[in-house]
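Here are my notes for anyone opening this one for the first time. Have a look at the picture, then read the points in order.

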Amino acid sequence: MSGRVGRVAILDRGAVRVQATARFSVRTPGPGFTDLTAAAAEIVGASGIAEGLLTLFCRHTSASLTIQENADPDVRTDLMTALDRLAPRGAGYVHDCEGPDDMPAHIRAMLTGTSLAVPVTGGRLALGTWQGIYLVEHRDRPHEREIVGHVIGR
């Protein structure tokens, strides 16, 4: 049995007229999730774009970006536990130049990704009710991470 796809509704059509690029830094306290939703919304608002696409990119190989549940923090706790199981510290990795969390952090970033795209509709991020945009820090100590945003549309 398979699901059913509803009718496709075109929300808007038109030429791309504007693009904007932004950059911001994030200080992380160590492993975990940092909510970037407000910063992403600020990029969209400052751009003046009503209909388009926001792309965010994390300029690091041991941190990542994700869209996840923003209501129950237990979800983020469980996700970190799952990542710990998928890429455990001390698993005999060859690359450990910066310590036992080094290679697991690279694996976790590869699994979760360093970029994401969010549609912009009506001048706002088209996130679902329970969705937030997060930077995921995979290293054991605090870091300063840089995020680049690009929004394009009209």
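1. Let's start with the largest pocket, bearing in mind that the model is predicted. The space in this pocket comes to about 180 Å³. It is lined by 13 residues, and those closest to its centre are Asp-12, Arg-13, Glu-51, Gly-52 and Arg-154.

2. Which elements give two or more residues to that lining? They are strand 5 (115–121) and strand 8 (143–153). As for chemistry, the lining of the largest pocket is a mix of 5 nonpolar, 4 polar and 4 charged residues.

3. Now step back to the whole protein. You'll find 3 helices and 8 strands, and along the sequence they come in the pattern β-β-α-β-β-α-α-β-β-β-β. The C-alpha trace spans about 55 × 45 × 25 Å along its principal axes.

4. Of the 154 residues in the protein, 34% are buried. If you look at contacts with a separation of 6 or more, 81% of them are between residues 24 or more positions apart.

5. Helix 1 (residues 37–47) has a buried set made up of Thr-37, Ala-40, Ile-43, Val-44 and Ser-47. These residues sit on the same side of helix 1, because they cover an arc of only 125° around the axis. Turn to the other side of helix 1 and you meet Ala-38, Glu-42, Gly-45 and Ala-46, which are exposed.

6. What comes right after helix 1? Gly-48 does, and its phi is positive, near 75°.

7. Helix 2 (residues 73–86) is worth a look too. Its 14 residues reach 20 Å from the first C-alpha to the last, close to the 20 Å expected at 1.5 Å a residue. Arg-76, Met-80 and Leu-83 are buried in helix 2. They lie on the same side of helix 2, because their arc around the axis is only 60°. Asp-78 and Arg-85, on the other side of helix 2, are exposed.

8. And what do the buried residues of helix 2 pack against? Their partners are strand 2 (32–35), strand 4 (63–69), helix 3 (102–112) and strand 7 (131–137). Try following Arg-76, Met-80 and Leu-83, the buried residues of helix 2, on the display to see this packing for yourself.

Conventions:
Residues numbered from 1 in each chain as written. Predicted model: local features only at pLDDT ≥ 70, side-chain atom pairs only at ≥ 80, totals over all residues. Heavy atoms only, no water. 1 Å grid on protein atoms, 1.4 Å probe; cavity = no way out; pocket = protein on both sides within 12 Å on 5 of 7 lines; lining within 4 Å. Points joined across faces, edges and corners; volume = space filled by probe spheres on them. Helix = DSSP H or I, 4+ residues; strand = E, 2+ residues; numbered from the N terminus. Nonpolar A, V, L, I, M, F, W, Y, C, P; charged D, E, K, R; others polar. Expected span 1.5 Å × (residues − 1). Buried < 20%, exposed > 50% of the residue type's maximum accessible area, 1.4 Å probe, protein only. Arc of directions from axis to C-beta. Contact = heavy atoms within 4.5 Å.
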